[in-house]
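Thanks, everyone; I would like to take a few minutes to walk through one structure that will be new to most of you. Please have a look at it first, and then I will go through a few places in turn.

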Amino acid sequence: MRTDYLTVKGYGSNEIVIQKSRFISYINRAETIDAAQSFIQKIKKQNWDATHNCSAYLIGEHDEIQKANDDGEPSGTAGVPMLDVLKKRNVKDTVVVVTRYFGGIKLGAGGLIRAYSKATSEGLNATGIVERKLTRIMHTTVDYTWLGKLENDLRSSVYMIKEIHYFDKVELETYVDFGQEDQFKEWMIEHTNGQANIVEGETLYLEKLVEE
């Protein structure tokens, strides 16, 4: 299981013009082949009148699934450069389609590689890249006499409060990085003189924007 990785924020698009040709990048998150191919088909259908709809995607913890398609451009001048950009930016589970409307001026192999690479890179910038970090929700129950001190201590610590529930006793839900549960328990015991009941909850990914 991945504890942290980079991926795109979600759906995004961007357009650039090079030598009168329009290059429109469409980007989305895709965690399966079906999701990636469905997105590619959707964009191709949307831009049925385009000269080319080139695509690339990268899926899996270790980039096990990689696919690039030149869609009629000279071999190796579109899909592979797009895929290379995804690899260089270290994003996972990402699909990109670059739609080209030909402007009448041929770019040559080198020009095409640069154009599709730039369209992909600027598309990623426009979409935004997030870091996804695997996190455990920890449930801490204490008497109300501890609430003020504990809330202040948590807010000045590395731990982020998710929610506070007011029952017979007060329960604080806290986000803790996966693998740091024991350290959190020790911290909590120290800050409550051992008066806290601490239970491990579910795991989930928190996302933080790192590039846009």
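The side chain of Glu73 makes a polar contact with the side chain of His52, at 3.5 Å, and I should say at once that this is a predicted model. Glu73 sits in the loop between strand S5 (65-69) and helix H2, and is its position buried or exposed? Glu73 counts as buried, because its relative accessibility is 8%, which falls under the 20% cut-off. Leaving aside neighbours within four places in sequence, the residues in contact with Glu73 include Cys54, Arg100, Leu112 and Tyr116.

Tyr116 leads us to the largest nonpolar core, which has 23 residues and in which Tyr116 is one of those with the most contacts, along with others including Phe23, Met82 and Val98. Among the elements that each supply at least two residues of this core are strand S3 (21-29), helix H2 (79-88) and helix H3 (108-127), and the largest share, five residues, comes from H3. Apart from this core lies another, of 17 residues, with Leu150, Leu172, Met188 and Ile198 among them.

Let me finish with the largest pocket, whose volume is about 300 Å³. Of the 13 residues that line this pocket, Lys133, Thr135, Val158, Asp177 and Leu206 are the closest to its centre. Strands S7 (129-142), S9 (170-177) and S10 (197-211) each supply at least two residues of the lining, which by class has six nonpolar, two polar and five charged residues.

Terms used: Residues are numbered from 1 along each chain as its sequence is written. This is a predicted model: local features need pLDDT of at least 70, side-chain atom pairs count only at pLDDT 80 or more; totals for chains, interfaces and linings use all residues. Side-chain values use heavy atoms; hydrogens and water are left out. On a 1 Å grid over the protein atoms alone, a cavity is a set of points where a 1.4 Å probe fits but cannot get out, and a pocket is an open set with protein on both sides within 12 Å along at least five of seven lines; lining residues have an atom within 4 Å of a point. Grid points are joined across faces, edges and corners, and a volume is the space filled by probe spheres set on the points. Helices (H or I, at least four residues) and strands (E, at least two) are DSSP runs, numbered from the N terminus. Ala, Val, Leu, Ile, Met, Phe, Trp, Tyr, Cys and Pro count as nonpolar, Asp, Glu, Lys and Arg as charged, and the others, Gly among them, as polar. A nonpolar core is a set of buried Ala, Val, Leu, Ile, Met, Phe, Trp, Tyr and Cys residues joined through side-chain atoms within 4.5 Å. Buried means under 20% relative accessible area, exposed over 50%, partly exposed in between (1.4 Å probe, protein chains only). A polar contact is a pair of N or O atoms within 3.5 Å; within protein, one must be able to donate a hydrogen and the other to accept it, and residues adjacent in sequence count only if both atoms are side-chain atoms. Contact means heavy atoms within 4.5 Å.
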